[in-house]
Amino acid sequence: MASLAIFSVVLAALLQAYLPFLYKHLLDIITLGSKNEAPSKATWIILLIGVAGLLTVVIRRFQDWASINFQPRVKSTIL
């Protein structure tokens, strides 16, 4: 259980670090892209931002669940 909690923390941190690059890529597409290609590429980037945000929320929820299950066991062994 502890390894899953640690894995979820690392994965959530990686996703949160990746989101600013997606926003930068979206702005680059909007400002530098051609009028024909920009809307389709921007749509895909917006969808990818949404999926990454949703994954971050799901991973954080799992992290909280793992912490709630793991923390009492650790406290009981310490005390």
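A residue is called buried under 20% relative accessible area, exposed over 50%, and partly exposed in between (1.4 Å probe, protein chains only). The model is predicted, so local features need pLDDT of at least 70 and side-chain atom pairs count only at pLDDT 80 or more, while totals for chains, interfaces and linings use all residues. Residues are numbered from 1 along each chain as its sequence is written, and side-chain values use heavy atoms, with hydrogens and water left out.

**Exercise 1.** Determine whether Gln 63 is buried or exposed, and which residues it contacts.

*Solution.* Begin with the location: Gln 63 lies in helix H2; helices (H or I, at least four residues) are DSSP runs, numbered from the N terminus. Next, Gln 63 has a relative accessible area of 16%, and is therefore buried. Finally, leaving aside neighbours within four places in sequence, Gln 63 is in contact (heavy atoms within 4.5 Å) with Ser 8 and Val 9.

**Exercise 2.** Classify Ser 76 and Leu 11 by accessibility.

*Solution.* Ser 76 is found in helix H2, residues 38–78. Its relative accessibility is 51%, so Ser 76 counts as exposed. Leu 11 has its place in helix H1. Because its relative accessible area is 31%, Leu 11 is partly exposed.

**Exercise 3.** Identify the residues of the largest nonpolar core and the helices that supply them.

*Solution.* A nonpolar core is a set of buried Ala, Val, Leu, Ile, Met, Phe, Trp, Tyr and Cys residues joined through side-chain atoms within 4.5 Å. The largest one has 12 residues: Ala 12, Leu 15, Leu 19, Leu 22, Leu 26, Ile 29, Ala 38, Ala 42, Ile 45, Ile 49, Ala 52 and Ile 59. Helix H1 (2–32) and H2 each supply at least two residues of this core. Leu 19 touches Ile 49, Ala 52 and Gly 53, when residues up to four places away in sequence are not counted.

**Exercise 4.** Explain why the chain is described as more spread out than a compact globule.

*Solution.* First, the secondary structure comprises 2 helices and 0 strands (a strand being a run of E, at least two residues). The radius of gyration, taken over C-alpha atoms, is 18 Å, well over the 12 Å that the globule rule gives for 79 residues, so the chain is more spread out than a compact globule. That rule is 2.2 Å times the number of residues to the power 0.38. The C-alpha atoms fill a box of roughly 65 × 15 × 10 Å along the principal axes. Lastly, the C-alpha atoms of Ser 76 and Leu 22, 54 residues apart along the chain, are separated by 43 Å.
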